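Please look at how the interior of this protein is packed, with attention to its nonpolar cores and enclosed cavities.

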Amino acid sequence: MRLPDPALVVLVGASGSGKSTWAGARFRAPEIVSSDALRGIAGSGPHDLDASEDAFGLLETIVAARLGRGLTTVVDTLGTDTVRRRGWLAAARSAGLPAVVVVMETPDAECRRRNATRDRPVPAPVLASQLATVRTLRPDLEGEGWDVVVAVTDAAAALPDPVAEPVTRSGRRPAPDRVGSHGVRVVLQVSRFPWGEDPLAWLGEVTRAADGAGFAGVALMDHLIQIPTVGRAWEPIPEPWVTLGALAALDTELELGTLCTPVTFRPAGITAKAAATLSALTGGRCFVGIGAGWWEREHAAFGLPFPPDRDRLDELERAILTLRALWAAGTKAYDDGEVVLPETTCYPRPAASIPVIVGGSGERRTLRIAARLGDACNLRTTDTEQLRHKVAVLRDHCAAVGRDPADVAVTVLDLPVVGRDRDDVWARVERHRGRTPAAAYAARTRAGTLADHRARYAELAELGVSTVFMATPDLDGPDAVADLAGLTA
Ligand code: CTP
Ligand code: MG
């Protein structure tokens with residue numbers, strides 16, 4: 001079972017029921033606020049009952065501080081004090097965090113057995129009263145207002161949640177279509193280029209690693225200046241078609257293309273020519289992500305006009321029509337009323353049909369253009385509700401323009417933080433968050449382990465997503481790419 005995260009998690013169970021063991025297998029040490037541990041800090045040790053009042057004072061302070069920051073907080077106490085328990089629940093509510101209560105349902109005899117083998121067993125009558133309290137408490141919890149009530153039976157308690165799945169680094173030949181068992185294809189978007197002294201070598205290693213890791217393709221951003229959400233303006237961001245030409249020379253099975261090329265950068269005919277050439281060079285492994293462009297600064301800096309939204313969206317439509325006209329068989333004149341070309345002589349011909357992926361989530365025009373002219377749309381959200389809504393809008397546009405929705409694939413851009421385990425995930429969050437509060441950054445980047453992201457990709461597949469374009473802030477070289485292999489299988 002996947003618990004909400006971030007969340008308040010309150011443990012309830014008698015001594016020896018396995019609360020601390022359960023929490024320790026699932027959460028990072030700093031996330032667990034334990035009354036025993038705080039007795040050991042405010043007092044002489046975990047069993048120093050004289051330090052209880054101080055320990056609980058500290059516990060309340062720490063719980064309030066963490067919840068206030070939106071950080072996952074696991075409260076490891078007996079959990080039987082109803083006033084305290086309800087107080088934590090209220091604090092989670094006011095912090096906007098989901099609240100989970102975990103009741104240990106370890107058999108009484110097992111608790112007694114474990115208790116007896118401990119260095120400092122709890123006196124038998126005390127344990128008996130704890131067990132009785134937990135038993136009577138159990139029905140109350142259902143009505144207390146928790147978002148999730150988890151009952152941990154002893155067998156489940158012994159099992160840690162799945163952590164990072166095994167990573168296959170080599171000798172792996174995925175199905176040619178490279179759909180993972182979660183139901184989506186994963187394309188690596190390379191957006192940062194810390195390539196040191198040998199750009200071509202770095203690009204080659206990263207791309208071969210992506211192929212080896214089972215990615216379906218490599219996508220390059222098309223920007224003239226590195227965008228602020230990815231890096232600094234003085235960091236390299238290479239021209240994508242030139243760069244894709246270099247990647248085409250590698251012996252891989254990857255699809256190669258842009259995500260997304262703005263129609264404002266090049267006349268559509270030139271993009272048609274570049275993509276047809278790339279298709280010819282790769283034996284048909286080319287796609288074109290295309291959009292209306294959005295960043296005024298790079299246009300100004302490079303001497304390019306940046307017309308109003310409406311005009312750029314008009315141009316997006318004309319551009320897709322132009323691509324399709326020039327890629328079509330033959331050389332005949334083309335005139336659809338919007339685009340007029342005296343001839344469509346474009347050689348080399350693409351080696352296979354080139355998918356056009358329309359980038360952007362604008363509901364009135366962009367998704368309509370995707371429905372009318374795209375092979376796919378690319379949405380910038382992976383949020384379930386938003387995605388459900390956007391897909392519904394796309395389907396409505398398909399109906400309005402008479403297109404079979406099955407012909408317009410749904411793809412998403414995903415910018416996750418991916419770690420080996422919980423500690424690694426949070427170390428990465430801390431490294432990348434800048435001035436953004438950790439919890440907000442983790443939420444925005446869906447920070448999690450490979451297993452977390454695989455589960456998320458399965459959910460995206462259920463929502464109708466066929467391809468996830470993913471870019472991580474940690475992509476500094478081939479090893480980082482190889483570490484992502486568990487995402488694609
Ligand atoms: N244990 C076990 N198998 C489990 C869970 C726990 O063998 N599935 C053992 C632990 O190794 C420990 C003892 O049972 O020696 C008590 O587990 P612990 O997690 O410490 O229990 P708590 O509920 O945290 O007990 P307390 O309230 O005393 O802190
Ligand atoms: Mg404990």
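For the linings described below, Ala, Val, Leu, Ile, Met, Phe, Trp, Tyr, Cys and Pro count as nonpolar, Asp, Glu, Lys and Arg as charged, and the others, Gly among them, as polar. This is a predicted model, in which local features need pLDDT of at least 70 and side-chain atom pairs count only at pLDDT 80 or more, while totals for chains, interfaces and linings use all residues. Residues are numbered from 1 along each chain as its sequence is written, and side-chain values use heavy atoms, with hydrogens and water left out.

**Nonpolar cores**
- The largest nonpolar core (buried Ala, Val, Leu, Ile, Met, Phe, Trp, Tyr and Cys residues joined through side-chain atoms within 4.5 Å; buried means under 20% relative accessible area with a 1.4 Å probe, protein chains only) has 80 residues, and Leu188, Val190, Phe215, Ile290, Trp327 and Met470 have the most contacts inside it.
- Helix H12 (residues 309–327) gives this core its largest share, nine residues, helices being DSSP runs of H or I with at least four residues.
- A second, separate core of 22 residues includes Val75, Leu89, Val101 and Leu137.

**Second largest cavity**
- This cavity (a set of points on a 1 Å grid over the protein atoms alone where a 1.4 Å probe fits but cannot get out) has a volume, meaning the space filled by probe spheres set on the points, of about 30 Å³.
- Its lining residues, which have an atom within 4 Å of a point, include Val190, Trp202 and Leu247, and they divide into eight nonpolar, one polar and no charged.
- Helix H8 supplies the largest share of that lining, four residues.

Terms used. Chains are lettered from A and ligands numbered from 1 in the order in which they are written. Buried means under 20% relative accessible area, exposed over 50%, partly exposed in between (1.4 Å probe, protein chains only). Helices (H or I, at least four residues) and strands (E, at least two) are DSSP runs, numbered from the N terminus. On a 1 Å grid over the protein atoms alone, a cavity is a set of points where a 1.4 Å probe fits but cannot get out, and a pocket is an open set with protein on both sides within 12 Å along at least five of seven lines; lining residues have an atom within 4 Å of a point.
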